[in-house]
Structures are given as structure tokens and as C-alpha cells.
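Dear colleague,

I am handing over a structure that is new to you, and I would be glad if you could look through it before reading my notes. What I found in it follows below.

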Amino acid sequence: MQIPKAVFKIIEENNCPFYKYGDEFLLSGKALLLEHKGERKFISTSIIDIPAGKPECPILYGDISNVLIKYQSVAKIPTYIMNCSGCTGTIRLEYDREKRSGTAPSSHSGETPSASLQKKNDIAEILRGFSIFRTLDLHNIRELLSFLQLKKFPKNMEIIRKGDPSENLYIVVNGKVAVADQGGVLIASLGKGEVFGEMSLLSGEPAVATVKVVEPLKALYMPGKDFRRILSRFPSLQMYLARLLSQRLAKSNVTLSAEIRSGMIGKLSDMPSPELFQVLGENKKTGILTLTLPRGPAKFFFRDGDVVLAKYNSKEGKDAFFEALGEQDGRFRFVPGLPQEYSKAPEIANLMWLLMEGLRRIDEQTDGQ
């Protein structure tokens with residue numbers, strides 16, 4: 001007779017000395033009913049396989065065994081989430097019969113698929129209260145859950161450091177972080193439901209600010225490798241992040257906006273082209289942006305923040321914009337004012353779409369190399 005088995009997976013980890021997020025523990029066996037001097041009690045005959053190369057933790061072993069005692073048989077354990085008793089750290093584990101056991105639960109034993117779906121719906125309902133998810137329906141949010149991981153961060157920890165590449169998109173569940181520039185000047189304070197780490201992921205450039213925990217933080221995060229793929233699947237999420245990026249660039253470039261009015265020059269190494277286009281668009285500038293690039297000059301005519309003409313490397317329009325967007329070395333110069341003939345010229349495309357599509361193409365080219 002086949003012995004029923006259950007797999008418990010770590011879904012949250014906070015300074016555990018032995019295990020990490022994603023580790024799995026295989027539970028097999030059953031609880032035996034013993035009678036001694038008129039007293040009856042269950043004891044566990046469980047066998048727990050731990051992740052390869054990891055030590056056995058007697059605290060966690062006891063916690064999982066107690067689950068078996070509680071339900072008397074692996075076959076009776078429903079979708080289940082538990083915390084370990086803890087030592088110097090803690091972990092949170094999940095056992096979902098629908099996803100883990102490889103067999104569908106029966107209607108008379110354990111939690112039904114509809115109950116498991118209800119649990120996911122409950123989580124999705126909570127997340128839908130966050131501004132980043134408000135444009136998504138419950139089905140979309142449930143799909144996103146498989147790409148999100150939960151982690152705790154202690155006070156004073158630097159999650160992102162200025163100049164380093166951002167590896168994840170973060171969504172604050174509770175707690176607070178401070179966003180500061182290189183001189184330590186506070187740029188923003190972010191709390192529940194707010195997002196950080198998106199700017200570097202969207203631009204492909206190093207982080208422009210340091211993000212530090214000021215109140216113990218619990219955050220959902222999405223690995224950067226999944227980020228672009230998710231954006232292409234959920235256009236409303238793409239637009240939300242594009243608007244968020246525009247707002248933040250506008251806020252952090254108030255001083256720069258004053259310089260633009262009288263024209264400005266600089267290096268793309270100091271202000272990458274995606275950020276430069278964002279600043280001009282958000283501030284609704286009118287003028288000519290010239291990029292001096294390794295393969296020649298590129299020109300972009302802006303009218304009220306819209307690109308009405310783009311030329312680079314014998315190309316015009318969208319193709320010129322996409323090709324120039326991928327250049328990282330060079331200089332830029334913006335001069336206010338347009339020739340009269342461009343005063344009513346139509347935009348070549350929405351600037352946010354141009355940026356997102358251009359960055360997507362750059363990402364695909366990088367992955368193909």
C-alpha cells in the first residue's frame with residue numbers, strides 16, 4: 001500500500017540559520033493511537049526528508065510532526081500554512097494539496113480545490129487594494145502571485161544602493177523605506193502599497209538613489225528576470241509603472257526643469273537617454289534635442305513634450321528613436337524652440353509607448369546575444 005506523502009514549502013524566511021525561501025520538506029507516515037492506563041493519545045510516526053545538504057532542525061521537525069498528529073494522516077491535511085516555533089530566526093511554510101501532492105483531493109477528505117481557490121482569492125482581494133493592482137482583475141492578480149515572493153527586512157538595511165543595478169521590483173506590504181540621493185538628502189518616503197526598484201529595471205541603468213528601511217519592512221518582490229515578461233503580458237501594469245516613473249522623474253528633476261528652460265548640455269553617462277526623454281516629456285518641453293553618438297548625431301524635435309520628428313543613422317520616426325535609445329555613450333544638448341513648420345506636426349507616437357517598446361526591444365536583443 002502506498003504511503004501518503006506531503007510537501008511543505010518555505011514561503012517566507014526571516015533570518016533562519018538553516019533554510020531559505022523555496023526549500024521543501026517531504027512528510028510521510030501517519031499518527032498512531034496509543035492507549036496506556038486508560039489514556040489515549042496520538043503519536044507521530046512521521047519521516048521528514050530535508051533539503052539536500054541542509055542540517056536537521058529539531059524545532060522544525062517537531063512542528064511538522066505536530067501537523068501530522070493534529071490531522072492523524074497525511075491524506076487528511078488540508079491546504080495549510082504554518083509558522084515554525086523559531087530560534088534565532090523564523091520561517092513560514094505552506095502545504096497546498098492541490099499544487100503539491102500530485103493528486104486531486106477527494107470531496108470527503110481535506111480541502112477541496114474550491115477552498116484552495118478561495119484562499120488565493122482572499123489574497124488577491126487584499127492586493128487589489130494596492131494602487132499597482134487596481135487595474136487588474138482577480139484572475140490576473142492570482143496569476144501574478146506565482147511571480148511574487150515575500151520577505152522581511154530589518155530597520156536600517158539598504159535594500160537598493162545608488163549606483164548598483166536593481167535586481168527586483170518591490171511592493172511594500174507594511175513598514176516604511178526612505179529614498180535618498182547620493183548626499184543623503186531625502187527624496188521620498190514610501191509605505192504600504194507603494195513600489196520601488198522600478199526605475200532601474202525599466203531603464204536598464206544603475207539605481208539613481210539609495211533605498212533604506214526606516215521601519216521594519218515586509219515587502220513583496222518580483223525578480224528582474226520576470227519583470228519585463230510580466231509587463232508585456234499586462235499592458236495596464238505597464239502603463240501604471242510608466243506613469244509612476246514619469247511622476248517620480250518630474251519630482252526629482254524640479255531643479256533640472258529650470259535649467260531646461262535656458263537649454264542644457266550633458267553626458268548620457270550622467271543622464272541616460274530614457275531618463276532624458278522622460279524629463280522632456282513630463283515637463284512638456286518644446287525644442288530640439290541633439291545627441292552626439294558614436295555613429296553620428298541624432299535629432300529629436302519636441303513639441304509640448306511630444307516627439308514630432310526623430311532622425312538617426314539614416315533612419316527616421318520610430319526606427320530612429322528605438323535605435324538611438326539603445327546608445328549609452330555620447331553627449332546631449334537641448335535647445336528650446338522649434339521652426340514654425342513643426343508647430344502643428346503630429347507626434348510620431350505616444351512617448352510612453354516609444355520608451356516601453358524601445359526598452360523591450362533592447363531587452364530582447366540582450367537576451368539573444
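**Cavities, cores and one proline**

In this predicted model, the largest cavity has a lining of 15 residues, and those lying nearest its centre are M199, S203, L245, P274 and E275. Two or more lining residues come from each of the elements α5 (198-203), α7 (235-252), α9 (273-282) and α11 (351-368). By type, the lining of the largest cavity divides into 11 nonpolar, 2 polar and 2 charged residues, and the space inside the largest cavity is about 140 Å³. Counting cavities of 30 Å³ or more gives 4.

Turning to the packing of side chains, the largest nonpolar core holds 60 residues, and F133, L289, F300 and F321 have the most contacts inside it. Leaving aside residues up to four places away in sequence, L289 touches L276, F277, L280, A298, K299, F300, F302, F332, R333 and F334. There is also a second, separate core, which has 18 residues, including L27, L68, I77 and I91.

One further residue may be worth your attention: is P51, which sits in the loop between β5 (47-49) and α1 (58-71), buried or exposed? P51 has a relative accessible area of 13%, and because buried means under 20%, P51 counts as buried. Beyond residues up to four places away in sequence, P51 touches Y19, D23, E24 and F25; of these, E24 is 27 residues from P51 in sequence, while the two are 6.3 Å apart in space, C-alpha to C-alpha.

With best regards

Notes:
Residues are numbered from 1 along each chain as its sequence is written. This is a predicted model: local features need pLDDT of at least 70, side-chain atom pairs count only at pLDDT 80 or more; totals for chains, interfaces and linings use all residues. Side-chain values use heavy atoms; hydrogens and water are left out. On a 1 Å grid over the protein atoms alone, a cavity is a set of points where a 1.4 Å probe fits but cannot get out, and a pocket is an open set with protein on both sides within 12 Å along at least five of seven lines; lining residues have an atom within 4 Å of a point. Grid points are joined across faces, edges and corners, and a volume is the space filled by probe spheres set on the points. Helices (H or I, at least four residues) and strands (E, at least two) are DSSP runs, numbered from the N terminus. Ala, Val, Leu, Ile, Met, Phe, Trp, Tyr, Cys and Pro count as nonpolar, Asp, Glu, Lys and Arg as charged, and the others, Gly among them, as polar. Buried means under 20% relative accessible area, exposed over 50%, partly exposed in between (1.4 Å probe, protein chains only). Contact means heavy atoms within 4.5 Å. A nonpolar core is a set of buried Ala, Val, Leu, Ile, Met, Phe, Trp, Tyr and Cys residues joined through side-chain atoms within 4.5 Å.
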